[in-house]
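Please walk through this structure with me, beginning with how its helices pack and ending with a few individual residues and their surroundings.

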Amino acid sequence: MSLAPALRSGPVRWERTRLLLSTPTFMVGLAILLFWVGCATVGQTLVDPLADDMMNSLLPPSAEHWFGTDQLGRDMFARVIAGSRDILIVAPLATVLGIVCGTLLGLIMGFFPGLVDDLLSRLIEAVLALPLLILALVALTALGASNGTVIVAIGLAFTPQVARVVRSAVMSERHLDYVAAARLRGETAVYIMVVEILPNILPPITVELTVRLGYAIFTVATLSFLGVGLQPPSPDWGLAISENYALIGGGYWWTVLFDALAIGSLVVSINLIAEGLNGALE
């Protein structure tokens, strides 16, 4: 008999939910994330991040311009608020792509030991020998910079790392009684992997998703800073830092500081959520 229904039972879900809601780190992270999601959803309807005013360029923070203005006279507060939109679209989509591809690959590797596992493991090890940022840069250089290529590049770069986590989880499950019972019933390999094993390894996949989302946010910002990610006139935080960081030497610190704080707060919020999820699911 499958253990999946037991793992998905109401009391277990309620206990995990209660534990999450009583975890301060999770709630703080969730509050920060929801704030930025709100900014991404309605920010550009409330402010105009592209409105420029050369007569008021490089003004310091004030009551009129809370975060100051940049070299084109654009309000930095409006750009920080609106800049959350692109990164909160690209990073989650890239993360989901990496999780889906990595989970499929990991299921195959873990369920079919021997030649299939060995070949795919060697391929993954070869890919993991290269830093994530290098892989993304190579892909974007070859395919060209756009939101779609950034999503694909980061998602495929995440795939090997996710596959290794899923493979380990599957290998610990494939010899359990419920898998043996499914084999005796004559179930297909696809059915056993998707219906029997996958629900039982959702906790590590969920934690991996949140962890990878934090990495994706930082990677999107880094690629934009390097000029191969999101492109102007997007108010993306990484792109804004790239456009203005040279002004720091002239004392115009506000053109960079608030975008950097926004990136940091979003990454920290995801890490806090991941920590809370990990504790609840364990």
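To read a helix crossing, one needs to know that the axes are lines fitted to C-alpha atoms over the stretch in contact, and that the angle between their N-to-C directions runs from 0 to 180 degrees. In this predicted model, the axes of helix H6, residues 132-143, and helix H7, residues 147-173, come within 9 Å of each other and cross at roughly 145°. The crossing of H6 and H7 is right-handed. On the H6 side the contact is made by Leu132, Leu135, Ala136, Ala139, Leu140 and Leu143, and on the H7 side by Thr149, Val150, Ala153, Ala157 and Phe158. Sorted by class, this contact comprises 10 nonpolar residues, one polar residue and no charged residues.

These two helices belong to a protein that has 12 helices and zero strands. The C-alpha atoms of the protein fill a box of roughly 80 × 45 × 30 Å along the principal axes, and 44% of its 282 residues count as buried. If one takes the contacts with a sequence separation of 6 or more, residues 24 or more positions apart account for 72% of them.

A second crossing involves helix H4, residues 76-111, and helix H9, residues 189-197, whose axes come within 11 Å and cross at roughly 115°; here too the crossing is right-handed. Leu107, Ile108 and Phe111 of H4 meet Ala189, Ile192, Met193 and Ile197 of H9, and by class the residues of this contact are seven nonpolar, no polar and no charged. Threonine 103 also lies in H4. With a relative accessible area of 10%, threonine 103 is buried, because the cut-off for burial is under 20%. Leaving aside neighbours within four places in sequence, the residues in contact with threonine 103 are Val162, Val166, Leu198 and Ile205.

Phe111, already met in the contact of H4 with H9, also leads to the aromatic residues. A search of the whole structure finds 10 aromatic pairs, one of which joins phenylalanine 111 to phenylalanine 112 in an edge-to-face arrangement, with 5.2 Å from centre to centre and 85° between the planes. Phenylalanine 111 is buried at a relative accessible area of 6%, whereas phenylalanine 112, at 33%, is partly exposed. Tryptophan 253 and tryptophan 254 form a pair that is likewise edge-to-face, because their ring planes stand at 85°, with the centres 5.6 Å apart. Of these two, tryptophan 253 is partly exposed at 42% relative accessibility, while tryptophan 254 is buried at 5%. Both tryptophans belong to a cluster in which ring pairs link Trp66, Phe67, Phe77, Tyr252, Trp253, Trp254 and Phe258. A ring can also lie beneath a charge: the charged end of arginine 212 sits over the ring of phenylalanine 158, 5.7 Å from its centre, and this phenylalanine is one of the H7 residues in the contact with H6.

How many residues of helix H11 are buried? Helix H11, residues 237-244, is mostly covered, with six of its eight residues buried: Trp237, Gly238, Leu239, Ala240, Ile241 and Asn244. The cover over these buried residues includes helix H3 (24-46), H4, helix H10 (202-226) and helix H12 (254-281).

The loops offer two residues for closer inspection. Leucine 230, in the loop between H10 and H11, counts as buried because its relative accessibility is 1%, where burial requires under 20%. Apart from neighbours within four places in sequence, leucine 230 is in contact with Asp86, Ile87, Val90, Asn147, Val220, Ser224, Asp236 and Leu239, and Leu239 is itself one of the buried residues of H11. Between leucine 230 and valine 150 the C-alpha to C-alpha distance is 7.9 Å, although the two are 80 residues apart in sequence. The other residue is leucine 58, in the loop between H3 and H4, where phi is near 55°, a positive value in a residue other than glycine. Most residues other than glycine have a negative phi.

Notes:
Residues numbered from 1 in each chain as written. Predicted model: local features only at pLDDT ≥ 70, side-chain atom pairs only at ≥ 80, totals over all residues. Heavy atoms only, no water. Helix = DSSP H or I, 4+ residues; strand = E, 2+ residues; numbered from the N terminus. Left-handed = near helix turned anticlockwise from the far one by under 90°. Contact = heavy atoms within 4.5 Å. Nonpolar A, V, L, I, M, F, W, Y, C, P; charged D, E, K, R; others polar. Phe/Tyr/Trp six-rings, centres within 6.5 Å; stacked < 30°, edge-to-face > 60°. Buried < 20%, exposed > 50% of the residue type's maximum accessible area, 1.4 Å probe, protein only. Lys NZ or Arg CZ within 6 Å of the ring centre and 35° of its normal.
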